[in-house]
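Okay, hi everyone, thanks for coming. I've got one structure to walk you through today, so let me put it up on the screen.

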Amino acid sequence: MHPHSKEWGTLVLLASHLTSSGECGALLVNDATPLRTGIISMFKWQDKSFKTGAQWLVLSGVLTVISIGSSLVYMQMRHRAAAPVTVPTLTVERGTVETTINVSGTLQLGGQQTLRSPAEGAVDQVLVEPGDRVDSGQVVVVLRNPERQTALANQQVKIEQQAVLLARRRQEIAIASQQLSDERAFLQNLATLAADGAVARTAVRDQEERVRTVEATMLTAAAEAQTVLLELEGLKLEQQRIQQQLQDSVVTAPVSGIVLGVEVKDGDGIDRRTELLTLGNPSQELVQLQLSTLDAAQVRLNHQARVSVIGPSAQVFAGRVRQIYPQAVSSSSEADRSSGRSESAGQPTVPTTVSLDQPTRTLIPGSPVNVEIVLEQRSNVIALDIEAVQQTGAEPFVWRLDEAGKAQSQPIALGLEGLTTVEVTSGLRAGDRVLLPSPDITLQPGTTVIPQADIPSVELP
């Protein structure tokens, strides 16, 4: 076949088309033998008169062009399959992993309590204002109860009347006693005279009757005096009770602290247990919580807690769990009402108290705060961002970036799992670099990776 013949041009165009087509690269590589057979057959069909040497020379040239093209296509496809991908990375570090629960509560001062009216009446005088510091036993409110004051005066009149009656009865006893003494002496003289026959025996018997009458009168006076005395003691006890009630009208501070709020003013009428004022000790700050029964089962005394105002970028204050109520209570209970919680209405909750390690002097009593209770904590362990952990099979693994800049599958064992980090007990060391591929990136072992800047690890407070 002549190089400038029509058949020669057809073969060259065919070879050129096949070698330049990426889509037909696999055909050239995988189907080279059938292609060669077809070309040879075409040569034989076109001109059987050519000499054998010339035919193989032309055929060798065409096959050379096809082989070179196939190699180029294969190398191009291999280069495209191994193209590097850009993946965010992070450096493995040691840190702290912890499990926590988050709840909201109400801030209170130590010993905070609301003083209430002991009985009905009126406010005579309020002696303190919000913000005032008071000492234990200091009078803060004076109440007025006209009915009790009248009752006390009436009771005093009754006592005086009874005292006069008692004095009269005692005087009667004294008179009867003297009369009895005289009658007994006269009886003794009559008996002597009767023995000498100077008087009749009937005179002696009459005198004996008068002695018995005087004795009965004296016994009656003594009994009446005892009854009056008992009634007088009862009146005095009632007087003490009324006096105590009047003393309860003077309300004193049960603890030293600061007045947080005053609910009444001078002249106000009040009922029994009307709120008068609230005070507490500012040297201690507490948070009253209402834990669900599920959370309460995990919390223990002295568990670490972090307290902050609800809001962004809030300062965090350290504290501890100091008290856990021994039973769950309904939201309508006194404990729940005092903490101001009502969002769990109908669900039993467990009242819990968290004490701040140091008073903040800035948190406002009665304000809502967020409390994070640390249930379990492990420090100085390999802490890894949970997003880096892959789980396509039974065992978890991560994509580790090796020294050659390639992705490698690294099996790991997990320990304590926190909200954003997890403990890695084996498979990684501090300083290793792991990849954080996005869902649209598919990695294979050996994939070349262009690492992005390290993503900062999540830091716990």
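So, to start with the overall numbers: there are 461 residues in the protein chain, and buried ones make up 36% of them. Keep in mind that this is a predicted model. The chain exposes about 27100 Å², and 52% of that comes from carbon and sulfur atoms. In secondary structure we have 8 helices and 19 strands. And if you take the contacts with a separation of 6 or more, 76% of them are between residues 24 or more positions apart.

How confident is the predictor? The mean pLDDT of the chain is 81, with 77% of the residues at 70 or more. Over residues 6-36, though, the pLDDT is below 50, and that stretch has 33 contacts in the model beyond near neighbours in sequence. Residues 45-50 also stay under 50, and there the model has 4 contacts beyond four places in sequence. As you know, where pLDDT is low, the predicted coordinates shouldn't be read in detail.

Right, on to a sheet. There's an open one of 4 strands, with antiparallel pairing, and the order is 6-5-3-8. Its edge strands are strand 6, at 250-252, and strand 8, at 269-270, each of which pairs on one side only. Strand 5, residues 139-144, runs antiparallel to strand 6, and 3 bridges join the two. If you want a pair to click on, Val-141 has Val-251 in strand 6 as its bridge partner.

Now the hairpin. Strand 14 covers residues 397-401, and 4 of its 5 residues are buried. It pairs with strand 15, residues 407-411, in the antiparallel sense, over 5 bridges. One residue to look at here is Trp-399, whose bridge partner in strand 15 is Ser-409. Between the two strands there are 5 residues, and in this hairpin Gly-405 takes a positive phi near 80°.

Let's stay on strand 14 for the rings. How many aromatic pairs does the count come to? Just 1. It's Phe-397 with Trp-399: the ring centres are 5.7 Å apart and the planes sit at 85°, which is over the 60 degree cut-off, so we call the pair edge-to-face. Are those two residues buried or exposed? Phe-397 is buried, and Trp-399 is too. In general, the side chains of a regular strand alternate between the two faces of the sheet.

That's my tour, happy to rotate the view if anyone wants another look.

Notes
Residues are numbered from 1 along each chain as its sequence is written. Side-chain values use heavy atoms; hydrogens and water are left out. Buried means under 20% relative accessible area, exposed over 50%, partly exposed in between (1.4 Å probe, protein chains only). Two strands pair if DSSP finds at least two bridges between them. pLDDT is the predictor's confidence in each residue, from 0 to 100. Contact means heavy atoms within 4.5 Å. Accessible areas come from the Shrake-Rupley method with a 1.4 Å probe; for residues, only the protein chains shown count as cover. Rings of Phe, Tyr and Trp (its six-membered ring) pair if their centres lie within 6.5 Å; planes under 30 degrees apart count as stacked, over 60 as edge-to-face and the rest as tilted.
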